[in-house]
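Open the model in your viewer and keep the selection box at hand. The tour goes from sheets to helix pairs.

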Amino acid sequence: MPAHPRPPSHPRPAPSLVVVGAGPRGTGLVERIAANAPELLAGARLDLHLVDPHPPGGGRVWRHDQSPLLWMNSMAEDVTMYTDDSVECAGPVRHGPSLAEWAARVRDGAETIHLDPGTAAEARELTPRSFAGRRLQSAYLSWVYDRAVATLPAGITVHEHRRRAVRLSGPRDGRQRVWLEGRGQPLLADAVVLALGHLDADPGPGERALASFATDHGLTYLPPEFTADSDLDALRPGEPVLVRGFGLAFVDLMALLTEGRGGRFTTDAKGALTYHPSGREPVLHVGSRRGVPYRAKLSYGWHGEPPPLPRFLGPAEIQELRARPGRLDYHRDIRPLVEKELGFAHYHRLFTAHPARTAVDWQVFEEKYAVCAPGSAELDALVSASVPDPADRLDLEALDRPLAGLRFPDGEALQEGLRAHIEADLARRHNPCHSPDLAVFLGLLSVYGQLAALGDIGTEWHGFFSYLASGPPGPRLRQLLALSRAGVVRFLGADTAYETDAERGVFRARSVSAPGLGVEARALVEARLPEPSVDRSRDPLLRELRREVRVTPAGLLAVHPEDGRVLGTDGVPHPRRFALGPHTDARSSGAFARPGTNAPAFRQNDAAARALLALCAGVR
């Protein structure tokens, strides 16, 4: 009797990994997957799905389609997407070019990449200490993405989906379903990563009230959002505009409403900058809690012995903090260690690089400093006796609130006072005689890397870090001074209050810096990104997950601090869902980083990539 033919065999489908978000964070994760796959996947197949309506590499925020007037706030030599020997990770280090090195390779013909004429010209002119435009950074990120995909092992197939992910479902112990906008069938995934980047958010109660007031009175109100996406045409030439926020979003707003409307800057023989209005600019009245712009980027490099960091806030201190019962209080538990660490970095540099400005040997000072409590009378006495010039002493409170206690008799005195502050900041940040400032910057980076393991510690630390370490390029502040002298920008001062006047049908602003000064306007702009919030996020997938995940008091998605696994409402990590980026409580300062700084984002990317590959290898 003849044997029945055997039915054809159907090979098991390849494991599937879905990454939602193909911007810089998703790209960094792909690079780490490529680096770790030869070890952990051992030649097996994997379907890698990248979901993002925007082009991979730059994503939304760093897309090419934005004004060439918008710059990065880091020097080209301080921007990399690649691990180096400083990064503490289990996976292999794969060196790659910084933005500056990549631009040099493009300029020299070592890399063939299509650039539009303006971006190509910028690449030719870029120096390591230039501040690149965002279009050039977009090209770099696209190149990094293409290179990462090209280095994936042969068994990994990449599928790009230029759509928005709108829903995620599936059992904890089974394949997940990722639903895409406009696509009938979901993507099936053995693991899902949310690398969503900065997201739009619904307004909070205060913002809703302002928007409602604007609607009722025919005013203009622009909520917190990515400045390149704001409808700035609503801001009319010559009319006053109140601006809340003096950080990087304000700098973008300033550029788009001045040079972006046809104004121009000229420089005279002495290097003084003058702004020539086009007549199409509004008048920007800007205020904030501090009342001053973020500190200018330091313009000089490091020379000599670096401070041995971490010293007073390292892994041992982080482990002790994590072991404490209850929720950590930033002011009680964390800030003293931050102050001790930054002070150590500052004085190490002062004593070792500028010993003539100190009164004792470093070893003597260091021994006594180590046993002094932050903010104590003993510490103040030690510093006063050891550092004769008060200008050489670190005063974090004065740095953070430079206008505290200052009162100006009128608006013009306030303008002169703020210009003097900005000029002094520029002079100091460009003078290596003040190199302890650079040591504090390195201390800030070290502290940021350590605090990433603590999860949600509130917003104060992130705001302080951004103010001191992530300010605008010096040329932007020189432009701000020129705009102030031209009357296009007016300063409101510290602790600015923004109010509504129903009787007059306008917005009003006042500050404690000039008690007699009050400004009214028919337009108010929130010059800031929306705070990350699961509850208020406009991302449908993230909001859909709200009932299944743990959300921190600050509204962030709680994740495992090492590999980014999403925590359920019971605090247990989900075995198949991961999240990386600013919407999580393991957020880091950016998807790219300064070389040689053991960047938290790179460590997180590597740990997540290894966990994902191990998971996918186990479901073959």
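Two strands count as paired if DSSP finds at least two bridges between them. Helices (H or I, at least four residues) and strands (E, at least two) are DSSP runs, numbered from the N terminus. The model is predicted: local features need pLDDT of at least 70, side-chain atom pairs count only at pLDDT 80 or more, and totals for chains, interfaces and linings use all residues. Residues are numbered from 1 along each chain as its sequence is written, and side-chain values use heavy atoms, with hydrogens and water left out.

**Stop 1: the six-stranded sheet**

Display the strands in the order 5-2-1-9-21-20. They form an open sheet with mixed pairing. Select 156-161 and 565-567 for the edges: these are strand 5 and strand 20, and each pairs on one side only. Neighbouring strands are turned by 30° against each other on average, direction ignored. Such angles run from 0 to 180 degrees between N-to-C directions, and axes are lines fitted to C-alpha atoms, for helices over the stretch in contact.

Next, select helix 17, residues 600-618. Helix 17 packs on the sheet. Which strands does helix 17 touch? Look for strand 1 (16-20), strand 2, strand 9 (191-194), strand 20 and strand 21 (573-579). Contact here means heavy atoms within 4.5 Å. The direction of helix 17 makes about 130° with that of strand 21.

Zoom in on strand 2, residues 46-51. Strand 2 and strand 5 pair in the parallel sense over six bridges. Pick Asp-47 and you will find Thr-157 of strand 5 opposite.

**Stop 2: the three-stranded sheet**

Select strands 16, 17 and 18, which lie in the order 16-17-18. This open sheet has antiparallel pairing. Strand 16 (497-501) and strand 18 (518-521) each have a single partner strand, so one side of each is left without a neighbour in the sheet. The twist averages 25° from one strand to the next.

Strand 17 (residues 506-510) shares four bridges with strand 18. Arg-510 faces Gly-518 across that pair. Add helix 5, residues 205-217. Helix 5 lies across strand 16 and strand 17, running at about 135° to strand 17.

**Stop 3: strand 11 and its partners**

Select residues 240-244 for strand 11 and 283-287 for strand 14. The two run parallel, with five bridges. Pro-240 stands opposite Val-283. Now add strand 19, residues 523-526. Three bridges join strand 19 to strand 11, again in parallel. Here Arg-244 stands opposite Glu-526.

**Stop 4: helix 1 on helix 4**

Show residues 24-40 and 134-150. These are helix 1 and helix 4, packed at an angle of about 30° with axes 9 Å apart. They are therefore roughly parallel; angles under 35 degrees count as such, over 145 as roughly antiparallel, 65 to 115 as roughly perpendicular and the rest as oblique. For the contact, pick Pro-24, Thr-27, Val-30, Glu-31 and Ala-34 in helix 1, then Leu-141, Val-144, Tyr-145, Ala-148 and Val-149 in helix 4.

**Stop 5: helix 8 on helix 13**

Finish with helix 8 (residues 330-353) and helix 13 (residues 436-451). Their axes come within 8 Å and cross at roughly 145°. Label the contact residues, including Ile-334, Glu-341 and Arg-349 of helix 8 and Gly-443, Ser-446 and Leu-451 of helix 13.
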